[in-house]
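The following exercises ask you to work through one helix and then the chain as a whole. Please have the sequence and the coordinates open before you begin.

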Amino acid sequence: MPPVVTYWAEHAWLPHPNGPAVQPEVRIAVGPDGRIAEVVPRSGPCPAGAVRLAGLALPGQANAHSHAFHRALRATVQVGSGTFWTWRDTMYKVAAALDPDRYLALATAVYAEMALAGITAVGEFHYLHHAPDGTPYANPNAMGEALIEAAARAGIRITLLDTCYLSAGFGAEPTRHQRRFSDGDADAWAERAAALKGADHARIGAAVHSVRAVPAEQLGTVAQWADSRRAPLHVHLSEQTAENDACLAAHGVTPTRLLADHGVLGPRTSAVHATHLTEEDVRLLADSSTTVCMCPTTERDLADGIGPARQLASAGCPISLGSDSHAVIDPFEEARALELDERLRTRTRGHWTANELLRAGTADGHASLGWPEAGRLEVGALADFCVLALDTVRTAGAPPRLGAETAVFAAGAADVRHLVVGGRHVVADGVHRLVPETGRALAAAVGALR
């Protein structure tokens with residue numbers, strides 16, 4: 001059967017036995033199954049009938065950690081000072097204003113913004129399950145299904161990481177704001193989550209909100225639910241030193257050790273943030289092949305600290321990237337922040353290569369979300385890719401062979417010109433074809449929450 005569509009990229013970042021490299025004049029044919037059927041570098045001029053893509057083609061970026069509703073906090077939480085905990089109070093007020101219809105509108109616009117930034121798949125860490133007073137909706141998964149539908153409307157893939165969130169702290173009942181997060185216990189969470197259905201663009205995973213939000217004796221229930229489905233399992237880990245102190249007081253061990261003791265760590269698990277770790281914590285994460293998802297723009301926005309990403313990667317942990325609170329949505333900024341933050345911490349340069357950082361944002365990020373067939377421009381992979389312009393004021397001047405370095409250390413979301421998901425041209429010439437007035441959609445959706 002002939003390909004459905006053929007794209008021709010001026011340049012593309014392709015796998016190579018000696019390491020990924022930028023190749024010119026790359027023809028990418030997409031089959032009827034939405035997968036790459038052919039990749040031909042140095043193919044000559046753009047053939048008749050092919051879609052010409054000027055710039056640098058990269059695998060689609062994976063946003064491995066998102067709270068879509070946090071997008072409504074942008075700018076409003078930058079007035080005055082405060083801490084993570086005062087920021088959280090503002091976040092709760094926004095959460096209380098959401099219902100399934102409002103969340104559908106907001107998430108559609110947020111995911112469209114992600115598409116414009118080069119993101120083809122998002123991991124949505126979802127815990128807004130019920131009505132604000134904690135009463136389940138007539139459809140107990142109405143909020144989660146709204147997120148799945150939002151991703152479809154925005155033309156990107158989603159892994160819905162349905163989150164178990166039961167406690168305000170070690171042994172504490174949920175607060176008034178947290179009632180809508182809780183199913184009562186992990187067994188009730190598992191029963192509700194089991195009713196969620198995936199789709200061609202959607203897969204279902206699980207999440208433990210944190211060790212403070214799920215009692216230790218119920219962690220295993222969530223882990224077993226994910227393991228029985230071979231599904232991704234994500235968890236917020238040691239984002240704040242206060243969580244570490246409270247866990248030591250309650251259990252006598254660090255959060256990482258508590259997760260390890262209850263079977264939460266493993267190759268399908270992603271620990272998000274992992275900012276404040278002991279040497280033993282690093283060994284536990286690495287020995288279990290747990291992925292660590294770093295969210296540098298949020299970690300610096302909330303003054304969390306600089307996590308030991310380089311140490312974790314060197315020990316054997318795959319690294320993924322997320323925009324978390326969406327202080328900005330820019331996967332290239334997240335990638336370069338790993339290197340630049342480490343430079344500030346150590347006062348030396350050269351901790352990560354551009355290729356390593358691109359891999360974190362692509363192949364390893366997709367694998368952490370349960371999409372291992374994405375994140376590479378090669379035959380058989382999902383035809384999910386983005387194209388960066390190489391002639392903007394940020395990217396112009398460097399030779400194309402340094403495209404990886406340009407992408408990571410110079411480019412930004414505004415330089416994305418095209419996005420293709422499953423062979424479908426979702427963003428063309430910087431315009432979202434499904435949500436063409438994305439800025440207006442965001443303004444309307446956020447304004448409805450005030």
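**Exercise 1.** In this predicted model, determine which exposed residues lie on the face of H6 turned away from its buried side, and then work out how the buried side itself is arranged.

*Solution.* The face of H6 turned away from the buried side carries Asp-245 and Ala-249, both exposed, that is, with over 50% relative accessible area. Next, turn to the residues of H6 (residues 241-251) that fall under the 20% cut-off for buried: these are Glu-243, Asn-244 and Cys-247. They cover an arc of only 100° around the axis, and therefore sit on the same side of H6. The spacing fits a general rule: an α-helix has 3.6 residues a turn, so residues three or four places apart point the same way.

**Exercise 2.** Identify what the buried residues of H6 pack against, and describe the residue that follows the helix.

*Solution.* The packing partners of the buried residues of H6 are strand E9 (233-237) and helix H7 (255-261). Beyond the end of H6 comes Gly-252, which has a positive phi, near 75°.

**Exercise 3.** Assess how compact the chain is for its 450 residues.

*Solution.* Begin with the inventory, which is 15 helices and 16 strands. The radius of gyration is 21 Å, close to the 22 Å that the globule rule gives for 450 residues, so the chain is as compact as a globular protein of that length. Along the principal axes, the C-alpha trace spans about 65 × 50 × 45 Å. Buried residues account for 59% of the 450, and among contacts between residues at least 6 apart in sequence, 74% join residues at least 24 apart.

Definitions and conventions: Residues numbered from 1 in each chain as written. Predicted model: local features only at pLDDT ≥ 70, side-chain atom pairs only at ≥ 80, totals over all residues. Heavy atoms only, no water. Buried < 20%, exposed > 50% of the residue type's maximum accessible area, 1.4 Å probe, protein only. Helix = DSSP H or I, 4+ residues; strand = E, 2+ residues; numbered from the N terminus. Arc of directions from axis to C-beta. Contact = heavy atoms within 4.5 Å. Rg over C-alpha atoms; globule rule 2.2 N^0.38 Å.
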